[in-house]
Every structure is written in C-alpha cells, then in structure tokens.
Amino acid sequence: MANEVQRIYVISDSVGETAELVVKAAASQFQEALIDVERFPFVNDAATIDELVRSAKEEQAMIAFTLVVPEVKAHLLRTASEHGVPAVDIIGPVIQTMENLVHCRPKYEPGLSHKLDEDYFRRVEAIEFAVKYDDGRDPRGILKADIVLIGVSRTSKTPLSQYLAMKRLKVANVPIVPEVDPPEELFQVDPKKCFGLYINPQQLNHIRKERLKALGLASDANYARLDRIEKELAYFQEVVERIGCRVIDVSTRAVEETANIVMNLYFKDRKA
C-alpha cells in the first residue's frame, strides 16, 4: 500500500481552502504513504455530488468535506454510504458543538469565512496604504486614496488615517507648511475626497509645547510659538480654499468622532 497513491477528494461549497489545509496537515503524518489531495470547490448540487462519489468509488478515494447547507451535506453522506465511500465531515462537528455552546442557530451559509478573509485583507491593505502615504511621503498616493487628510502638524492626521484604515478606507495625509508648496496632486483630486483638519491656535500651541517637552526640547521653540502657528493656519486656510474641500474643526474632538464625521460625509457623497 505504501507504493500506491491514495486519493483524497476535498469537497466544499465554498473555496475549500480550510478542508484542504486540514487534510494536508493530517496527510503529513503519513510520510511513507503517497497521498494525492484534489480539491473540488463550490459544490452545491446533488448531481455534482453523485458524480464525485461515483468517481471516488472508482478510485477508492476517501472524501473530506466542508458542506454547511444541511440538505447538501445529508445528500453527500447518504450517497457516500450507499457506495461504500468513506466520508469525513470536517466542519460539521465544530458547528454543532458551537451551536450547543452559544445557544443560537448557525446561518448555514457557504463562504462566510472567505468573506471574513477578504474583509481582513482589505483592512490590512488599507493600513499598509496609510503607512506608505503618511505625512506626504509620496504624493502619488493622493490620487489613489479614498480619502485625503490635510492639516498642519499635530492635527492628528496620522492616527485619524490609521483609524479610517481599520474601516477599510485608503487614506493619504498631507502636512501643510508655509515654506513648502502643496503637491500638485492635491489640486487634481476630487475635492469631496479631501478633508482639511483645523485646530484652535491656542490649543495647538499647548499641544506643541507638550510635544516638545516630551522630546526633551525647549517649549519656546519656533515650532510652538503662537505667531508661527497662526501663520501656518492662515496658509492652511488658503490651501483648503484653493482645493475647495471641506474643513473639520478637530479642536475638541476625539479621533473617533472626527473619523465618524469624515466617513458619514464620504459615504453620503458616494451614495449621491
């Protein structure tokens, strides 16, 4: 038997990656055996099941499956039993035990874990985007972003970008500094995607002083001087007016609150 190839059919009503990984993990324990695993995804009808069971019988294969729709699973188990084909339910016992534990019925909907995976990867992609295009590092991100945040230093652009990224939105943020011309991309993107972040000069003065102290620097540096801050905010106002974007006062708002305002406006515009 060690020289014969043992076939294993992996049958799923979704992609089938979970079942295949489990089967291959089990197969790795039999290193002297020749095991061939073949996956059959998106199986959800009786005719396909009948065909696969007949084929499995001819090849003396076993079946491992993740079928969550009760009627489809029952048909496979019944057909496999009639043909003498061994069939292993990979996900069913777990669902049954969880149902008893949490006292509510499962959805029995194929592909939900794959949807969760897609959601996870979209979130990771958005986080990586926010990091790559943080603080104006690469202006090309402005044209690729879902949302562009504009503001002077210490207006919470970076934490707000990361928070929005967790909501699967690709965000680029651009610092506004009087001595540096804004990137041309800012004036090419849809103004509805841009949000200027305004902050009260006195509050920003306090925030910057505390920041300098935390860094062990003198709190009376030009960076934290009120006249310097007012100059920056005046320039910021010129830029946002030129872009024609909306401005949100973040002076007394938490990041989460600002994020909700941005998302509500963004999705309202998309719906419109």
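**Notebook: cores and a helix pair**

I began with Ile150 in this predicted model and listed what touches Ile150 beyond its neighbours within four places in sequence. The contacts are Lys157, Val174, Ile176, Leu186, Cys194, Phe195, Gly196, Leu197, Phe236, Ile243 and Cys245.

Next I looked up the nonpolar cores. The largest one has 37 residues. Ile150 is among those with the most contacts inside this core, along with Ile147, Val148, Leu149 and Leu164.

I then asked which elements each supply at least two residues of this core. I found the strands β5 (147-151), β6 (171-175) and β7 (194-198), and the helices α7 (157-166), α9 (226-243) and α10 (255-271). The largest share is from α9, with 7 residues.

I also noted another core, which lies apart from the largest one and has 16 residues. Ile11, Phe40, Ile49 and Val85 are among them.

Since α9 gives the largest share of the 37-residue core, I turned to how α9 sits against α8. Helix α8 covers residues 201-214, and its axis comes within 9 Å of the α9 axis. The two axes cross at roughly 120°. An angle over 115 but not over 145 degrees counts as oblique, so I recorded α8 and α9 as oblique to each other. The crossing of α8 past α9 is right-handed.

Last, I wrote down which residues meet there. From α8 they are Pro201, Gln202, Leu204, Asn205 and Arg208; from α9 they are Leu226, Ile229, Glu230, Glu232 and Leu233. Sorted by class, this contact has 5 nonpolar, 2 polar and 3 charged residues.

Terms used
Residues are numbered from 1 along each chain as its sequence is written. This is a predicted model: local features need pLDDT of at least 70, side-chain atom pairs count only at pLDDT 80 or more; totals for chains, interfaces and linings use all residues. Side-chain values use heavy atoms; hydrogens and water are left out. A nonpolar core is a set of buried Ala, Val, Leu, Ile, Met, Phe, Trp, Tyr and Cys residues joined through side-chain atoms within 4.5 Å. Buried means under 20% relative accessible area, exposed over 50%, partly exposed in between (1.4 Å probe, protein chains only). Helices (H or I, at least four residues) and strands (E, at least two) are DSSP runs, numbered from the N terminus. Contact means heavy atoms within 4.5 Å. Axes are lines fitted to C-alpha atoms, for helices over the stretch in contact, and angles run from 0 to 180 degrees between N-to-C directions. Angles under 35 degrees count as roughly parallel, over 145 as roughly antiparallel, 65 to 115 as roughly perpendicular and the rest as oblique. A crossing is left-handed if the near helix is turned anticlockwise from the far one by less than a right angle, and right-handed if clockwise. Ala, Val, Leu, Ile, Met, Phe, Trp, Tyr, Cys and Pro count as nonpolar, Asp, Glu, Lys and Arg as charged, and the others, Gly among them, as polar.
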